[in-house]
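Below is a colleague's note on the model, set out as numbered points. Please read each point with the structure open beside the text.

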Amino acid sequence: MLSPGLSVSLLAMSCALWPAAVRAASCESVRIPLCRSMPWNMTKMPNHLHHSTQDNAVLAIEQFEGLLGTGCSPDLLFFLCAMYAPICTIDFQHEPIKPCKAVCERAKYGCEPVMKRYNHSWPDSLACSELPLYDRGVCISPEAIVKAEGPDPYYQDPARCNPDRCRCKTVKMCLRTYLGNNYNYVIRVRVKEVRNRGLEPTAVVDVKEVLKSSLVNIPKETQTLYYSSSCLCPPLTPGEEYLIMGYENEETSRLLLIDGSIAQKWKDKLGKKVKRWDQILQGKGRASQRRNRH
């Protein structure tokens with residue numbers, strides 16, 4: 001696998017310049033209707049899910065049309081297409097580029113709660129754990145596809161190739177965000193250390209108070225929070241105290257900091273506010289269950 005700092009030319013617009021024999025041997029046009037809006041138009045079979053033809057892949061991806069219709073995650077369609085109709089490039093003729101782990105986690109943590117309402121869980125075939133981080137290899141994400149000065153789009157690792165592209169999105173802490181983002185945990189912590197040394201980026205914190213915990217037991221002691229990329233979003237400052245809203249990985253018992261997570265400097269009124277929001281959220285959940293029973 002190439003180093004993450006290496007930019008990879010995509011075939012989306014430049015494939016027409018290749019000899020016909022090369023194109024025929026390595027790539028084919030994307031024919032999956034759901035994926036025609038993606039920023040690439042050439043793919044290669046078998047895909048990451050071992051479908052030998054696009055006809056087989058179409059039948060498989062169409063099962064997610066209902067989930068896509070809920071709008072549970074803006075990353076879901078990109079992630080699915082990167083798995084079912086992966087980009088075909090000159091450099092990756094034998095092993096198509098995979099989506100980044102962070103893209104999978106954003107899609108999963110937005111959409112799995114919706115799936116669970118209908119007694120479904122995130123498919124094992126789409127597990128995020130096997131996908132690469134920015135630091136460990138080339139991968140693709142929506143924010144990493146940019147337009148070059150020439151006609152060809154290309155992939156770059158924003159954390160390594162262009163540090164200025166690391167821009168943490170501000171997530172407003174309000175009732176609407178809390179209800180919509182389905183946070184698994186809410187904790188008050190004091191940050192001890194933030195680590196970003198080429199391995200998995202992490203933050204080491206002392207847990208002062210657990211306001212919410214869904215899947216993983218969170219004792220009031222030193223805990224490690226795992227970032228999804230080396231951009232370290234949301235940012236944390238050692239020595240400061242924060243209210244953190246994030247997600248949990250039940251399989252690995254990890255507390256995650258992914259896009260959509262919130263880290264707000266701690267104020268006493270925040271605890272009461274979150275408890276009130278959680279009561280509203282639980283009330284909505286009970287009302288939904290009553291409607292489903294009837």
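1. Two strands are taken to pair if DSSP finds at least two bridges between them. By that criterion strand 6 (residues 185-195) and strand 7 (residues 202-213) are paired, since 10 bridges join them, and they run antiparallel. The model under discussion is a predicted one, and the remarks that follow should be read with this in mind.

2. As an overall frame, the protein chain contains seven helices and 11 strands. Of its 294 residues, 48% are buried. Among contacts with a separation of 6 or more, those between residues 24 or more positions apart account for 66%. The chain exposes about 15,200 Å², of which carbon and sulfur atoms supply 47%.

3. Which residues stand opposite one another where strand 6 meets strand 7? Arginine 195 has threonine 202 of strand 7 as its bridge partner, and valine 191 has valine 205 in that strand. Strand 7 is also joined to strand 8 (residues 222-227), in an antiparallel arrangement with five bridges, and here threonine 202 stands opposite tyrosine 226 of strand 8. Threonine 202 can thus be followed in both directions, to arginine 195 and to tyrosine 226.

4. Strand 6 has a further antiparallel pairing, with strand 9 (residues 241-249), over six bridges. In this pairing valine 186 stands opposite methionine 245 of strand 9. Taken together, strand 6 pairs with strand 7 and with strand 9, while strand 7 pairs with strand 8 as well.

5. Two arginines deserve a look for their placement over aromatic rings. Arginine 254 lies over the face of tyrosine 226, at 3.9 Å from the ring centre, and this tyrosine is the residue of strand 8 that stands opposite threonine 202. Arginine 188, for its part, lies over the face of tryptophan 266, at 5.0 Å from the ring centre.

6. How many disulfides does a search of the whole structure find? The search gives five, and one of them joins cysteine 27 to cysteine 88, with an S to S distance of 2.1 Å. Because the torsion about the S-S bond of this pair is about -75°, the disulfide is left-handed. Cysteine 27 lies in the loop between helix 1 (20-26) and strand 2 (28-29), and cysteine 88 in the loop between helix 4 (76-84) and helix 5 (101-117), so the link ties together parts that are 61 residues apart in sequence. Cysteine 27 and cysteine 88 are both buried.

7. Another disulfide is formed by cysteine 72 and cysteine 111, whose sulfur atoms are 1.9 Å apart; this link is right-handed, with 90° about the S-S bond. Cysteine 72 belongs to the loop between helix 3 (65-69) and helix 4, and cysteine 111 to helix 5, so parts that are 39 residues apart in sequence are tied together. Both of these cysteines, cysteine 72 and cysteine 111, are buried.

8. Cysteine 100 and cysteine 139 are likewise joined by a disulfide (S to S 2.0 Å), and with 85° about the S-S bond their link is right-handed. Cysteine 100 lies in the loop between helix 4 and helix 5, and cysteine 139 in the loop between helix 5 and strand 4 (145-147), so this pair also ties together parts that are 39 residues apart in sequence. Both cysteine 100 and cysteine 139 are buried. Cysteine 174, on the other hand, counts as partly exposed, because its relative accessibility is 22% and the cut-off for buried is under 20%.

9. Is helix 4 enclosed or exposed? Eight of its nine residues are buried, so helix 4 is largely enclosed by the rest of the structure. Among the buried residues of helix 4 are Phe78, Phe79, Cys81 and Tyr84.

10. Seven aromatic pairs are present in the structure. One of them consists of tryptophan 40 and phenylalanine 78, an edge-to-face pair with 5.6 Å centre to centre and 90° between the planes. Tryptophan 40 lies in the loop between strand 2 and strand 3 (42-43) and phenylalanine 78 in helix 4, so the pair ties together parts that are 38 residues apart in sequence. Both tryptophan 40 and phenylalanine 78 are buried. Elsewhere, ring pairs link Tyr109, Tyr178, Tyr183, Tyr247 and Trp277 into a cluster.

Definitions and conventions: Residues numbered from 1 in each chain as written. Predicted model: local features only at pLDDT ≥ 70, side-chain atom pairs only at ≥ 80, totals over all residues. Heavy atoms only, no water. Disulfide = S-S within 2.5 Å. Helix = DSSP H or I, 4+ residues; strand = E, 2+ residues; numbered from the N terminus. Buried < 20%, exposed > 50% of the residue type's maximum accessible area, 1.4 Å probe, protein only. Contact = heavy atoms within 4.5 Å. Areas by Shrake-Rupley, 256 points an atom, 1.4 Å probe, with all protein chains shown as cover. Phe/Tyr/Trp six-rings, centres within 6.5 Å; stacked < 30°, edge-to-face > 60°. Lys NZ or Arg CZ within 6 Å of the ring centre and 35° of its normal.
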